[in-house]
Amino acid sequence: MSDAPFRFPSDDELMAGPNAFDDEGAESVEDEHEGQDDDGALPASARVEITVPEVPEGHRAGFACLVGRPNAGKSTLTNAMVGQKVAITSGRPQTTRHNVRGVVNRADAQLVLVDTPGLHRPRTLLGKRLNDLVRETLADVDVIVFCVPADEKVGPGDRFIARDLADSRRPVVAVVTKADTVSREALAAQLLAVNDLGDWADIVPVSALRGEQVDVLEDVLIGHLPPSPPLYPTGEVTDEPQAVMIAELVREAALEGVRDELPHSLAVVVDEIVDPRTDRTGSFIKGAGGRLQVRVSLVVERDSQKAIMIGKGGSRLKEIGVISRKGIETLLDRPVYLDLHVRTSRDWQSDPKALARLGF
Ligand SMILES: Nc1nc2c(ncn2[C@@H]2O[C@H](COP(=O)(O)OP(=O)(O)OP(=O)(O)O)[C@@H](O)[C@H]2O)c(=O)[nH]1
C-alpha cells in the first residue's frame with residue numbers, strides 16, 4: 001500500500017470509471033468542471049481530489065442481504081461477521097427496523113451486509129412497508145442470505161420467504177443458524193428440510209454465537225461478489241447515520257424485560273444531538289457541561305404502555321437511560337448527556353403521517 005493519504009472516492013467519483021484511477025498507485029486526479037475559468041484554473045469549489053489506493057489483484061466487493069423470519073438470528077450473524085455490534089438484537093421478534101449495514105473488510109474482499117427486518121405476512125401498514133423495504137433491498141444485492149434457525153421446524157413463514165426468493169433472480173445462500181442449539185442428527189435433518197425449500201446456491205450451517213462456520217459462510221458469500229475495489233472506506237463498520245445507531249441502542253435497552261407485545265408498539269426517535277464544543281445553535285441543556293447532548297423520544301401507542309416505560313417513580317426510564325447512555329458513550333467514545341422522553345402517539349403503526357414523522 002502507498003503511504004499517501006487515503007480519502008475514499010464518492011459515488012460520483014467511482015462512477016467516473018476506471019480511467020480516473022491510476023494503476024501505478026495513489027495519485028491525485030482533478031475533475032474538470034463546467035465552471036472552469038478562462039485561464040484554465042478551477043474555482044476551489046469545483047476541484048475534486050481523488051486519492052486512490054492500490055487495489056490488490058482479484059479483489060471483490062459487493063452487497064449481501066440477510067433475510068429470514070423474525071428471530072432467525074440475522075442480526076447476531078451480521079454482528080458475528082462484522083466483529084462489532086452494529087445491529088440491535090433481542091430475544092423478541094421484529095426488533096430490527098432499519099437496514100443496518102455492517103462492512104466485512106478483508107485483504108481480498110469487502111462484503112457489505114444489509115440486515116433487514118424479517119419478511120413476514122403483514123398485519124399493519126408498518127408491516128407492509130417493512131416487507132416492501134426488504135424486497136427493494138433484495139433486488140439490489142449481489143447475494144442473498146436466507147436464514148433458517150436450526151431449532152425451529154421449517155414452517156409457513158419460511159416457505160413464504162422461500163417463494164419470494166425464487167423470484168429474486170439473485171443467488172441465494174441458505175444458512176441454518178443457531179447450529180449449536182441442536183444435535184448433529186437434528187442439524188442434518190434441518191439441512192435436508194432447507195434444501196427442499198428451494199434452489200439454493202449453497203447451504204451452510206453456522207453458529208453465530210460460537211463463531212462456528214462464520215468464516216466459511218464469508219468465503220461462500222465473497223465467491224458471489226463481482227471483482228471490484230472496496231465500496232466503502234475500509235476502516236468503517238457501518239454507514240448508518242449516528243442517530244440511527246443511537247436510537248437502536250436506546251430501543252434495545254427499552255425493550256429489555258418488558259411485555260411481548262410492546263416491541264411492535266415502540267418507536268425510538270433521536271430528536272436532537274447538540275455538541276456544545278462545536279454547535280452554535282440548538283437547545284443547550286443546563287448542567288450538561290461539555291458532554292454531547294442527545295435528546296431521544298420513546299414513542300408508544302397507549303398511555304398504559306407509557307406507564308410501563310416510565311416505571312414506578314420513573315425508575316424504569318432511569319434504568320433505560322443509564323444502560324443506553326453507556327452504549328452511546330462507547331459508540332461515540334465521549335461523555336454523553338442523554339435526555340429521554342416518553343410520548344404517546346396513538347396507533348402510529350397504522351397512521352401514514354405518524355409513520356412518516358418517525359422515518360418509515
Ligand atoms: N444459541 C444461539 N442463539 C442464537 C444464535 N444466533 C442468534 N441467537 C439468538 O436468537 C435470538 C434472535 O436473534 P437475532 O439475531 O436478534 O434475530 P433476528 O433474525 O435479527 O431477529 P429480528 O430482528 O426479530 O428479525 C437472540 O436471542 C439471539 O441471541 C446462535 O448462533 N446460537
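## Close-up views of a predicted model

**View 1. One side of helix α6.** In helix α6 (residues 214–222), the buried residues to look for are Leu217, Glu218, Leu221 and Ile222. They sit on the same side of α6 because they cover an arc of only 130° around the axis; the arc is taken from the directions that run from the helix axis to the C-beta atoms. "Buried" here means 20 or more other C-beta atoms within 10 Å of a residue's own, "exposed" means 12 or fewer, and "partly exposed" is what falls in between, with the C-beta atoms placed from the backbone. Helices (H or I, at least four residues) and strands (E, at least two) are DSSP runs, numbered from the N terminus. Valine 216 is in α6 too, and with 13 other C-beta atoms within 10 Å it counts as partly exposed. Its C-alpha is 8.7 Å from that of valine 206, and the two are 10 residues apart in sequence.

A quick word before the other views: this is a predicted model, where local features need pLDDT of at least 70 and side-chain atom pairs count only at pLDDT 80 or more, while totals for chains, interfaces and linings use all residues. Residue numbers start from 1 along each chain as its sequence is written.

**View 2. The whole protein, for orientation.** Zoom out for a moment and you'll find 10 helices and nine strands. Of the 360 residues in the protein, 33% are buried. Take the contacts between residues at least 6 apart in sequence, and 69% of them join residues at least 24 apart; a contact means that two C-beta atoms, placed from the backbone, lie within 7 Å.

**View 3. Strand β5, covered on both faces.** Strand β5 (residues 172–177) is mostly covered, with six of its six residues buried. In a regular strand, side chains alternate between the two faces of the sheet. On one side of β5 you'll see Val172, Ala174 and Val176, on the other Val173, Val175 and Thr177, and they are all buried. Strand β4 (residues 143–149) runs alongside as a parallel partner of β5, with six bridges; strands pair if DSSP finds at least two bridges between them. To spot the pairing, find isoleucine 144, which stands opposite valine 172 in β5.

**View 4. An open sheet of three strands.** The order here is β7-β8-β9, and the pairing is mixed. β7 (267–274) and β9 (336–344) are the edge strands, each pairing on one side only. From one strand to the next, the twist averages 20°. β7 pairs with strand β8 (residues 292–300) in the antiparallel sense over seven bridges, and valine 269 stands opposite serine 297 in β8. Two helices also show up in this view. Helix α8 (residues 303–310) lies across β8 and β9, at about 155° to β9. α9 packs on the sheet as well, touching β8 and β9, and its direction makes about 135° with that of β9. Axes are lines fitted to C-alpha atoms, for helices over the stretch in contact, and angles run from 0 to 180 degrees between N-to-C directions.

**View 5. Where α7 meets α9.** The axes of helix α7 (residues 242–255) and helix α9 (residues 315–332) come within 9 Å and cross at roughly 145°. This crossing is right-handed: the near helix is turned clockwise from the far one by less than a right angle, whereas anticlockwise would make it left-handed. α7 brings Met245, Ile246, Leu249, Val250, Ala253 and Ala254 to the contact, and α9 brings Ile320, Ile323, Ser324, Gly327, Ile328 and Leu331. Sorted by class, that gives 10 nonpolar, two polar and no charged residues. Ala, Val, Leu, Ile, Met, Phe, Trp, Tyr, Cys and Pro count as nonpolar, Asp, Glu, Lys and Arg as charged, and the others, Gly among them, as polar.

**View 6. Arginine 316 of helix α9.** Arginine 316 is part of α9 and counts as partly exposed, with 19 C-beta neighbours inside 10 Å. Leaving out residues up to four places away in sequence, arginine 316 touches Met309, Ile310 and Gly311. Its C-alpha lies 8.6 Å from that of alanine 254, although 62 residues separate them along the chain.

**View 7. Two loop residues with positive phi.** Asparagine 71 has a phi of about 75°, and aspartate 333 one of about 55°, though neither is a glycine. Asparagine 71 sits in the loop between β1 (60–68) and α2 (74–82), while aspartate 333 is in the loop between α9 and β9. Which of the two is buried, and which exposed? Asparagine 71 is buried, with 21 C-beta neighbours inside 10 Å, and aspartate 333 is exposed, with 6 other C-beta atoms within 10 Å.
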